[in-house]
Protein chains: 4
Amino acid sequence: MSQSINVTVWNEYRHEKTNEKVAEVYPQGMHTAIAEGLETTGKITLATLDEAEHGLTEQVLNDTDVLIWWGHMAHGDVQDEIVERVHDRVLKGMGLIVLHSGHFSKIFKKLMGTGCDLKWREANEKERIWVVNPGHPIVDGIGEYIELPQEEMYGEHFDIPQPDELVLVSWFEGGEVFRSGCCFTRGMGKIFYFRPGHETYPTYYNPQVRKVISNAVKWAAPVKRDYPAYGNAQPLEVIKEKN
Amino acid sequence: MSQSINVTVWNEYRHEKTNEKVAEVYPQGMHTAIAEGLETTGKITLATLDEAEHGLTEQVLNDTDVLIWWGHMAHGDVQDEIVERVHDRVLKGMGLIVLHSGHFSKIFKKLMGTGCDLKWREANEKERIWVVNPGHPIVDGIGEYIELPQEEMYGEHFDIPQPDELVLVSWFEGGEVFRSGCCFTRGMGKIFYFRPGHETYPTYYNPQVRKVISNAVKWAAPVKRDYPAYGNAQPLEVIKEKN
Amino acid sequence: MSQSINVTVWNEYRHEKTNEKVAEVYPQGMHTAIAEGLETTGKITLATLDEAEHGLTEQVLNDTDVLIWWGHMAHGDVQDEIVERVHDRVLKGMGLIVLHSGHFSKIFKKLMGTGCDLKWREANEKERIWVVNPGHPIVDGIGEYIELPQEEMYGEHFDIPQPDELVLVSWFEGGEVFRSGCCFTRGMGKIFYFRPGHETYPTYYNPQVRKVISNAVKWAAPVKRDYPAYGNAQPLEVIKEKN
Amino acid sequence: MSQSINVTVWNEYRHEKTNEKVAEVYPQGMHTAIAEGLETTGKITLATLDEAEHGLTEQVLNDTDVLIWWGHMAHGDVQDEIVERVHDRVLKGMGLIVLHSGHFSKIFKKLMGTGCDLKWREANEKERIWVVNPGHPIVDGIGEYIELPQEEMYGEHFDIPQPDELVLVSWFEGGEVFRSGCCFTRGMGKIFYFRPGHETYPTYYNPQVRKVISNAVKWAAPVKRDYPAYGNAQPLEVIKEKN
């Protein structure tokens with residue numbers, strides 16, 4: 001990745017402290033494993049729920065080009081004020097990558113405008129994530145599919161707006177399908193939802209999963225231009241008098 | 001329109017009581033003029049801000065197939081509880097047609113997830129609304145464009161998600177363009193944003209504007225099927241034991 | 001279906017004459033079975049490859065609101081002149097429903113502009129077709145999924161443009177997924193691609209499959225408005241002299 | 001632009017030889033002016049209609065990451081075989097930027113599947129190209145709009161499929177609007193249609209127009225991954241015997 005993109009990896013970081021199995025898989029927390037997989041030459045910042053302002057101060061967010069979000073059991077503990085702050089930054093151009101159970105985070109629901117609900121099942125089943133948009137930059141270097149031997153199942157209907165671009169669709173052993181890689185633009189911000197990553201599986205060590213996340217960071221990086229001017233506007237052409 | 005669709009027309013209904021010019025154009029209120037133009041054979045209900053529960057009780061909404069929304073000066077007076085109620089009904093299938101300044105209503109912003117801001121100007125300028133999707137049911141019976149001799153200008157950038165289908169684009173005398181007819185689906189509900197209709201102009205008496213609204217009602221009518229089942233799901237296929 | 005829509009069901013009608021198994025499943029041809037399942041009160045016309053002009057004369061097409069297309073082994077035998085004729089009618093508003101192996105028909109490839117290739121396998125495997133757009137009129141009356149006990153597999157990547165609306169996604173027993181219900185608009189014509197229907201299985205007797213096709217007919221019916229005017233255009237506003 | 005992208009600029013190059021006014025504006029041909037504006041550090045190749053194989057040999061195309069196309073008066077002189085070659089390369093990942101009157105080129109029509117017709121007028125009128133997708137990489141560094149003092153008018157309806165992403169919309173002095181910046185993906189190839197550039201105006205010297213084209217080159221550059229495998233596929237999972 002030739003661009004220097006500043007990435008902040010946000011993790012709820014609660015499962016790792018209370019669940020032995022998760023702590024074993026991610027001893028330094030899921031955020032650390034996700035951060036290790038990033039290819040960017042920019043600054044990488046780690047932020048977690050239990051820090052002051054959840055680690056997402058104005059300064060941190062203003063310095064962030066792309067924010068990665070993993071949350072699950074404590075969506076309700078994220079303060080509304082911080083959600084507003086992130087929302088505002090996304091509309092102004094910050095990229096956002098929402099992982100797995102982040103589908104039910106306040107920020108994702110606020111940006112989507114829908115319920116964001118889905119079917120789920122924890123049964124150690126096989127997932128095969130198929131590429132349906134083979135020219136998309138988010139699947140650069142990715143094979144026809146990514147196979148994960150064990151994952152939590154997420155199934156349709158997934159209550160999101162139709163993605164602007166659908167890149168990946170999952171097959172699950174138990175019989176379901178899921179739109180697993182979904183691109184959205186909201187305001188000036190680009191958003192990528194990426195399904196895999198239940199806390200009890202080593203999914204974020206998978207090189208293909210890491211490659212997708214790195215590609216998504218690159219895709220979601222902000223453009224350099226002014227935020228649009230809104231409100232009362234002077235005419236650019238002469239308007240005829242009417243009577 | 002052969003289908004029997006129950007439509008509720010919601011109007012803020014404040015300008016008409018305080019502004020003589022508006023009262024002259026819409027002596028019975030904008031909602032009455034909008035309702036007169038509807039072609040449906042179903043029940044038409046009128047509802048306004050200053051009624052109890054803004055006229056949008058559970059019963060009224062449950063009986064509504066498509067809700068039309070006009071608001072402008074008092075978006076903040078709409079109770080959050082009623083906004084939640086409408087939002088929930090849209091996700092469950094009720095159609096929603098948002099008119100003109102309704103772009104800044106709580107319900108539209110909540111469904112879009114973006115700021116919904118735009119440029120505007122009140123200068124009695126000409127608007128020409130061009131059809132860019134000529135096979136769409138919302139422009140059934142409509143000419144190449146609709147010309148309005150005087151309207152308020154709305155200009156890009158319009159801060160909405162990319163519409164699922166873009167049907168109409170406006171040209172303004174003062175030099176701007178605007179995406180004026182935009183289709184969205186959120187949950188099971190279909191949403192149509194239609195730009196024209198500033199309160200000081202007789203726009204809702206225009207037969208082509210009325211035709212677009214009637215077509216949109218038909219397009220947005222709910223399908224008859226169960227709301228999706230979400231949450232924990234039993235497998236449909238046998239999942240292999242792994243170790 | 002309250003509208004009176006004229007439907008022409010086109011079938012290659014070769015397998016049924018040469019393959020005993022197919023003849024047993026569809027003794028009157030697949031077109032007859034498809035036609036039986038339609039709910040329209042309009043005129044239904046049957047047309048097949050070996051008729052003069054493939055049964056698709058100017059008159060037949062001009063009288064057709066929606067054309068259903070099933071072809072497989074003899075795509076190359078369809079005359080280019082007839083393909084042009086159908087293409088022209090679609091751009092002018094005729095709906096087109098392309099079934100199963102019709103993905104490789106000349107008319108579908110011409111309308112899509114891509115290769116339209118895919119993976120396939122004949123292995124009597126289970127298909128489960130999931131609804132991913134639950135408010136779409138094409139899934140009116142349809143459950144969460146349609147299960148077909150035995151079908152041919154079609155797998156991604158399916159080389160089509162991103163559909164304007166994606167409605168159905170298939171899960172296959174052998175491990176693949178497929179975008180099975182895809183909506184497109186081309187010119188004034190609406191096109192629906194629907195995956196199931198290999199000739200050796202009784203798929204077109206399935207009530208849910210028939211319901212989807214009937215819904216698609218309704219969705220694809222033409223609007224009533226003039227074909228757009230193209231070419232040299234007079235100005236609608238005065239253009240300033242420049243020097 | 002930090003990436004090294006090989007760009008081939010193709011120009012019909014006939015107007016410049018026969019029309020004095022055009023020769024004055026573009027003494028080295030439009031392709032040379034377009035090439036001068038490119039920011040890429042990769043190889044730039046010029047190719048024109050009257051060269052052997054129109055300058056688009058297998059070798060040239062195989063070495064091309066992004067092809068830029070300007071044609072107008074001689075679309076019919078482009079050999080079908082070369083069109084097939086370009087088409088094949090686009091599906092396999094080569095980017096394609098189609099400029100102005102290239103809307104009616106064989107390659108664009110083949111990729112779109114529609115008529116690609118539009119309204120037009122040569123009246124030296126002002127064009128204002130508005131950004132409607134402000135976070136898109138193609139408008140990186142671009143202001144709210146690009147103003148061109150004199151251009152040919154193109155007006156809606158523009159007979160193309162709905163773009164995957166709509167980035168720019170033009171306002172014209174004479175009263176029309178036009179979707180001027182349209183993104184499509186076909187196979188693995190990304191396509192950008194960009195409206196301005198009539199041969200009698202110095203449009204391709206405009207820094208903002210050049211910036212859009214340079215951004216589009218970057219956006220349309222191919223990903224590095226294998227072309228999908230199509231055809232008969234072995235099952236990835238065990239399929240149950242049925243009877």
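**Exercise 1. Find how many residues of chain D and of chain C are in contact, then describe what their interface buries.**

*Solution.* Start with the contacts: 47 residues of chain D are in contact with 47 residues of chain C. Keep in mind that you're working with a predicted model. Next comes the area. Between them, chain D and chain C bury about 3,500 Å², and carbon and sulfur atoms account for 51% of it. Now pick out the big contributors on the chain D side: D:E173, D:Y230 and D:K242 lose the most area to chain C. Together these three make up 17% of what that side buries.

**Exercise 2. Work out which polar links join chain D and chain C, and which elements of chain D take part.**

*Solution.* First, count the salt bridges: the rule finds 2 across this interface. In a salt bridge, the nitrogen has to lie within 4 Å of the carboxyl oxygen. The side chains of D:E173 and C:K242 meet in one, at 2.7 Å from N to O. Then count polar contacts, where both residues need pLDDT 80 or more: you get 26 residue pairs. Now look at where the chain D residues come from. Elements giving two or more residues to the side that touches chain C include the helices α5 (80-91) and α6 (106-112), along with strands such as β5 (119-131) and β6 (145-155). β5(D) gives the most, with 7 residues. Finally, sort that side by class: 18 nonpolar, 15 polar and 14 charged residues.

**Exercise 3. Do the same kind of bookkeeping for chain B and chain C.**

*Solution.* Here, 29 residues of chain B are in contact with 29 residues of chain C. The area buried between them is about 2,300 Å², with 49% given by carbon and sulfur atoms. On to the links: there are 4 salt bridges across the interface. One of them pairs the side chains of C:R128 and B:E237, at 2.5 Å from N to O. Polar contacts add up to 20 residue pairs, both at pLDDT 80 or more. On chain B, the elements giving two or more residues to the side touching chain C are β5 (119-131) and β7 (165-172). The largest share, 4 residues, comes from β5(B). By class, this side has 13 nonpolar, 7 polar and 9 charged residues.

**Exercise 4. Describe the largest cavity and its lining.**

*Solution.* Begin with the total: the structure holds 10 cavities of 30 Å³ or more. In the largest, there's about 200 Å³ of space. Its lining has 18 residues, and nearest the centre lie A:N133, A:L166, C:Q162, C:P163 and C:R179. Last step, the classes: the lining divides into 9 nonpolar, 6 polar and 3 charged residues.

Notes. Residues numbered from 1 in each chain as written. Chains lettered and ligands numbered in written order. Predicted model: local features only at pLDDT ≥ 70, side-chain atom pairs only at ≥ 80, totals over all residues. Heavy atoms only, no water. 1 Å grid on protein atoms, 1.4 Å probe; cavity = no way out; pocket = protein on both sides within 12 Å on 5 of 7 lines; lining within 4 Å. Points joined across faces, edges and corners; volume = space filled by probe spheres on them. Nonpolar A, V, L, I, M, F, W, Y, C, P; charged D, E, K, R; others polar. Contact = heavy atoms within 4.5 Å. Buried area = accessible area lost by both parts, 1.4 Å probe. Polar contact = N/O pair within 3.5 Å; in protein donor to acceptor, adjacent residues only side chain to side chain.
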